[in-house]
Amino acid sequence: MKKVLSLVVIAILALSMSACQTAAPEGTVIVGTPAMNGDFVAGFGNNSYDLSVRRLIGEGLETYAVNQNGEFILNPTVVKDLATSEDNEGNKTYTFELQTNLKWNDGEPVTAKDYVFGILFSASPAWREAGASSTAGQNLVGYEAYNDGDSDVFEGIELVDDHTFSLTIAAENLPYFYEVAWVTYGALPLHVWGEGLELAADGKSVSGNLTAAAEKVATTERFAPTVTAGMYKFVSYENDTVTLVYNENYPGDFRGHKPKVANVIVRYINQTLDVDLVISGDVDIVAGVIEGAKIEKARASDQADLISYKRNGYGMIAFTNDFGPTQYPEVRRALAFLIDRNEFLINILGGYGAITNGEFGLAQWMYVAKAAEIEETLENFTLNIDRANELLDQSPYVFEADGVTPWDVDKAEAGYWRHDAEGTRLKIEHFGTIDNEITDLIGAKWPEAMQFAGIDFDVTYGDFNALLNNYYYGYDLGDDRKFHSFNLATGFADAYDPYYSLHSDFLGTWMNATGTNDPEFDRLIERMRNLDPEQRDEYLEAWFEYQVYWNQMLPVLPIYSNEYFDVFNKRVSGLNTTPFYGWARAMVDVEVND
């Protein structure tokens, strides 16, 4: 069976794209952010601020784009034509014919070879050995053999000609609810990342020293990308500041729009002063403001404006599910009953948010559809010391220090701690960031109730990079591993799929940072993802079942999902962000009004 999709409409759109850019970009926009990692290549546990830079310099060549509503749409700026077909075994092939005018920022043409090479490189054992993690090509035919190093050939990829390539999804991985996400790929510059390598005529393999090439990228391009194809070109990262300049070879976004701003500077600022710096004009944009006092200050200023949207994510306290006392669900749930999460809504968010009890954000269509059932079914974690002690009595921590005498709730006070049979004290080591009101509130309020449940507690303050290193790579620290909980926040990917963060397939990698290893989670995640895109109702029910179990196991403690406020100085305009379309993507329409 073969089905061909002719993109007549796309051709018409492409003819009008040149009209979208009428003037040369001008001016500079300064964006203030928390600390960045300095990793500007995918694969190294980048934080969301590095990701924004990555989008500015690297996003634009994808076969499918994500629009303001979070929908995957075929990108007519990149794809001239698309054909799909299925073979007798049920494997599904997407064949992409590219537009012929695509260029890298150095002026070199972008060809189908760059797309094929991008997957071969990212899925190779050499890239993994260089310290990176990648899911590129994971669901295509022949991935396992290629990724494991058992074969140099990646059967699910084919180079047809200079402007045409095909990707074949393995039948065993179909159906999948977000199917087109598995063929949504950009390109990597073969002439730079693959210098000295040679691509096979059919595009299924690459010869040469791939290990050396991967190591070079991981130690050079990772920190200072030279050849990219996004809206902007990377200039430097110095003194916690990224400098970017307009890429004159950028083809335009999925609508054909090109940037109106010539330079973007992304720099670290003290988060307690972020809105003040916008009002003073020292910074033009700060994104994701959640504190009520700051929001009101921005509203009252005649120098600033703001845009708000419900969050596609949530704030949380993440637990280690494979280390220390938090490896026990009873301990994790008890900890949830020992903090009043309303304190965060009132004292920090100023009412601009809501308590959540599952892995969802207020903007997700699944939550909107199931909100009533969610509220009725999921356990609500309120401050309840008696409930916490009930749960802890079901954990190994039921003794005094001798490991024999039962712990007695009537003796509960600071210094009278629970222990297990080996005499190990129930102590939670928490890591939070400096200059962070949420860390301060956790450090002040959590131990107030913990002492009445026999839990010792200590908080360590550090910078965001140190937090992420301990969170993502704790599994690799051995005897130096210390922390059991972290306060941070997460945003959901364009295709919501917890497989990559909770499934045991990623145990022992930075992607499964909580160290979750639970067969029931695996089953529920696989049930969700193994549905056809048309099975929307079935997906919704599977998502709900997953949320119920997640609420019972509590791999992390959700604190809130809230409204995000992007605050900007009135010298700029056109910032139209949404839950799925952050400031980096929206930068294409921003203007400077000096």
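**Notes on the helix packing and a few local details**

1. Starting with the pair that caught my eye: helix α12 (residues 365–377) packs on helix α18 (residues 536–553) at an angle of about 45 degrees, the axes lying 10 Å apart. That angle makes α12 oblique to α18, and the crossing of the two is right-handed. Bear in mind throughout that this is a predicted model.

2. Who touches whom here? On the α12 side the contact uses Trp 365, Met 366, Tyr 367, Ala 369, Lys 370, Glu 373, Ile 374 and Thr 377. Facing them from α18 are Arg 536, Tyr 539, Leu 540, Glu 541, Trp 543, Phe 544, Gln 547 and Val 548. Sorted by class, the contact of α12 with α18 comes out as 10 nonpolar, two polar and four charged residues.

3. α18 has another partner, helix α17 (residues 519–529), packed against α18 at about 160 degrees with the axes 9 Å apart. Anything over 145 degrees counts as roughly antiparallel, so α17 is roughly antiparallel to α18. The crossing of α17 and α18 is left-handed, whereas that of α12 and α18 is right-handed.

4. For the α17 contact, look at Glu 520, Phe 521, Arg 523, Leu 524, Ile 525, Arg 527 and Met 528 on α17. The α18 side supplies Tyr 539, Glu 541, Ala 542, Trp 543, Glu 545, Tyr 546, Tyr 549, Trp 550 and Met 553. The tally for α17 with α18 is 11 nonpolar, no polar and five charged residues. Tyr 539, Glu 541 and Trp 543 of α18 are worth a click, as they appear in the contact with α12 and also in the one with α17.

5. Next, helix α10 (residues 329–336) and helix α13 (residues 385–392): their axes come within 8 Å and cross at roughly 175 degrees. That makes α10 roughly antiparallel to α13. Glu 330, Val 331, Arg 333 and Ala 334 of α10 meet Arg 387, Ala 388, Leu 391 and Leu 392 of α13. This contact of α10 with α13 has five nonpolar, no polar and three charged residues.

6. On to the strands. β5 (residues 79–86) and β6 (residues 92–98) pair in the antiparallel sense over seven bridges, and Val 79 sits opposite Leu 98 in β6. The two strands form a hairpin with five residues between them. In that turn, Gly 90 takes a positive phi of about 95 degrees.

7. Two backbone spots to check. Most residues other than glycine have a negative phi, and most peptide bonds are trans. Here the bond from Leu 174 to Pro 175 is cis, with omega near 0 degrees; Pro 175 is in the loop between β8 (164–169) and α6 (190–193). Asp 240, a residue other than glycine, has a positive phi near 60 degrees and belongs to the loop between β11 (232–238) and β12 (241–246).

8. How far to trust it? Mean pLDDT for the chain is 92, with 96% of the residues at 70 or more. The stretch to skip is residues 1–21, where pLDDT stays under 50. The model does give that stretch 35 contacts beyond four places in sequence, but where pLDDT is low, the predicted coordinates should not be read in detail.

Key:
Residues numbered from 1 in each chain as written. Predicted model: local features only at pLDDT ≥ 70, side-chain atom pairs only at ≥ 80, totals over all residues. Heavy atoms only, no water. Axes fitted to C-alpha atoms, helices over the stretch in contact; angles between N-to-C directions. Helix = DSSP H or I, 4+ residues; strand = E, 2+ residues; numbered from the N terminus. Parallel < 35°, antiparallel > 145°, perpendicular 65-115°, else oblique. Left-handed = near helix turned anticlockwise from the far one by under 90°. Contact = heavy atoms within 4.5 Å. Nonpolar A, V, L, I, M, F, W, Y, C, P; charged D, E, K, R; others polar. Pairing = 2+ DSSP bridges. pLDDT = per-residue confidence, 0-100.
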